[in-house]
Amino acid sequence: MRPIDDPSFLTPDERLSEVAIILAAGVLRLHARAALSGDNPGPEESPTFGPAGLEVSETTVLSVHCG
């Protein structure tokens, strides 16, 4: 193995870049495979929230588990 191919000679930023490249290639392959097989229904719709949205409800419910 040449020193240029040895991951121990990479800087942390270069390692992060290599990992990102590998993960991106995997995601692209996954999407391509799903598109070819027709299993890709498209993006999911985001859930709709009621008028309260993310506000805290008026009643507080506490749940404690012992053990």
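Two short exercises on a predicted model follow.

Residues are numbered from 1 along each chain as its sequence is written. Local features need pLDDT of at least 70, and side-chain atom pairs count only at pLDDT 80 or more, while totals for chains, interfaces and linings use all residues.

**Exercise 1.** Compare the expected span of helix α1 with the distance between its end C-alpha atoms.

Solution.
- Helices are DSSP runs of H or I, at least four residues, numbered from the N terminus.
- The protein chain has one helix and zero strands.
- Helix α1 covers residues 12-37, which is 26 residues.
- The expected span is 1.5 Å times one less than the number of residues.
- That gives 38 Å, and the end C-alpha atoms lie 38 Å apart, so the two agree.
- Just after α1, glycine 38 has a positive phi of about 80 degrees.

**Exercise 2.** Classify proline 7 as buried, partly exposed or exposed.

Solution.
- Proline 7 sits in the segment before α1.
- Buried means under 20% relative accessible area, exposed over 50%, partly exposed in between (1.4 Å probe, protein chains only).
- Proline 7 has 46% relative accessibility, so it is partly exposed.
- Its C-alpha atom is 9.6 Å from that of glutamate 18, 11 residues apart along the chain.

How values were computed: Heavy atoms only, no water. Helix = DSSP H or I, 4+ residues; strand = E, 2+ residues; numbered from the N terminus.
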